[in-house]
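Have a look at the fold below before reading on. Where do the strands pair, and what sits between them?

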Amino acid sequence: MDKLIKSKKGFGITEVLISAVVLGLLYMAILHMQTGNREALLRIRGRDGAIEVAQQVIDSLNRIGIASIPDPTSVASGDEHIKEGNYVWEWDDISRSWDRGEKVGGGHSTIAYTPTVTVSPVEDYTAKSVSYYTGADTIRHVYAKQVNVQVSWQFKGSTQSINMSTVIR
């Protein structure tokens with residue numbers, strides 16, 4: 001009869017409690033990791049939307065042409081858009097929306113992006129020549145402009161931003 005009692009095998013209450021604690025800790029770690037992944041996905045989508053907005057602004061500037069983009073060297077010095085020798089203006093906010101999908105908590109997200117365009121004077125894109133017909137006047141022709149587009153948006157209480165730069169001819 002002693003052999004029957006000793007041969008019985010099973011889990012004791014201590015082993016079961018330790019297993020439950022370990023599984024609980026693993027479950028909490030997985031939940032924390034999923035929350036971090038969800039936030040990373042939202043941050044990436046926000047940045048991708050900002051890149052799309054910046055490209056849209058650059059494409060719009062290309063379409064209107066170089067003559068319609070202000071030249072910082074020819075704008076009056078008292079103009080409110082001139083800052084540190086650059087022509088700077090903010091565009092109206094542009095919003096992007098998407099469905100978040102059921103796998104990441106569902107719902108709908110909308111982010112408002114604020115594009116700021118800076119046109120910098122670059123002498124490399126300016127041709128100068130002296131006119132013999134008007135005296136010693138210098139004729140100046142700008143054939144390209146350096147444009148920087150900064151797009152800003154809010155994410156979790158902080159301001160995020162990206163910069164895209166191009167030369168418009």
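This report goes from the overall layout to the strand pairing, then to single residues and the cavity.

**Layout**

The model is predicted. Its chain holds 2 helices and 8 strands. The order from the N terminus is α-α-β-β-β-β-β-β-β-β. The chain has 169 residues, and 28% of them count as buried. Contacts with a separation of 6 or more were also sorted by distance along the chain: 56% of them join residues 24 or more positions apart.

**Strand pairing**

Strand β2 covers residues 86-90, and 4 of its 5 residues are buried. It has pairing partners in β1 and in β4. Strand β1 (residues 82-83) runs antiparallel to β2, joined by 2 bridges. Here Ile82 stands opposite Tyr87. Strand β4 spans residues 108-120 and pairs with β2 through 4 bridges, again antiparallel. Two positions show the register. Tyr87 has Val119 as its bridge partner in β4, and Glu90 stands opposite Thr116.

Strand β4 also takes part in other pairings. Strand β3 (residues 94-99) is antiparallel to β4, with 6 bridges between them. Within this pair, Ser95 faces Ala112. Strand β7 pairs with β4 over 7 bridges, also in the antiparallel sense. There Val119 stands opposite Val147. Val119 is thus named in two places: opposite Val147 in β7, and as bridge partner of Tyr87.

The table gathers the pairings.

| Strand pair | Sense | Bridges | Residues opposite each other |
|---|---|---|---|
| β1 and β2 | antiparallel | 2 bridges | Ile82 and Tyr87 |
| β2 and β4 | antiparallel | 4 bridges | Glu90 and Thr116 |
| β3 and β4 | antiparallel | 6 bridges | Ser95 and Ala112 |
| β4 and β7 | antiparallel | 7 bridges | Val119 and Val147 |

**Thr116 in β4**

Is Thr116 buried or exposed? Thr116 is found in strand β4. Its relative accessible area is 13%, under the 20% cut-off, so Thr116 counts as buried. Which residues does Thr116 touch, leaving out those up to four places away in sequence? They are Val88, Trp89, Glu90, Asn148, Val149 and Gln150. Glu90, one of these contacts, is also the residue opposite Thr116 in the pairing of strands.

**The aromatic pair**

A search of the whole structure finds 2 aromatic pairs. One of them is formed by Tyr87 and Trp89. The ring centres are 5.3 Å apart, and the planes meet at 65 degrees. That angle is over 60 degrees, so the pair counts as edge-to-face. Both residues are covered. Tyr87 is buried at a relative accessible area of 11%. Trp89 is buried as well, at 18%.

**Two positive phi values**

Most residues other than glycine have a negative phi. Glu84 and Lys156 are worth a look for this reason.

Glu84 has a phi near 55 degrees, a positive value in a residue other than glycine. Where does Glu84 lie? It is in the loop between β1 and β2. The hairpin of these strands has 2 residues between them. Glu84 has a relative accessible area of 82%, which is over 50%, so it counts as exposed.

Lys156 likewise shows a positive phi, of about 55 degrees, and is not a glycine. Its place is the loop between β7 and β8 (158-168). Lys156 is exposed, with 58% relative accessibility.

**The cavity**

How many cavities of 30 Å³ or more does the structure hold? There is 1. The largest cavity has a volume of about 70 Å³. Its lining has 14 residues, and those closest to the centre are Asp71, Ser120, Pro121, Val122 and Val142. The elements that give two or more residues to this lining are β6 (138-142) and β7 (145-155). By type, the lining of the largest cavity divides into 6 nonpolar, 4 polar and 4 charged residues.

**Picture**

Strand β7 links two parts of this account. It pairs with β4, and it gives residues to the lining of the largest cavity. Strand β2 carries the buried Tyr87 and pairs with both β1 and β4.

Key:
Residues numbered from 1 in each chain as written. Predicted model: local features only at pLDDT ≥ 70, side-chain atom pairs only at ≥ 80, totals over all residues. Heavy atoms only, no water. Buried < 20%, exposed > 50% of the residue type's maximum accessible area, 1.4 Å probe, protein only. Pairing = 2+ DSSP bridges. Phe/Tyr/Trp six-rings, centres within 6.5 Å; stacked < 30°, edge-to-face > 60°. 1 Å grid on protein atoms, 1.4 Å probe; cavity = no way out; pocket = protein on both sides within 12 Å on 5 of 7 lines; lining within 4 Å. Points joined across faces, edges and corners; volume = space filled by probe spheres on them. Nonpolar A, V, L, I, M, F, W, Y, C, P; charged D, E, K, R; others polar. Contact = heavy atoms within 4.5 Å.
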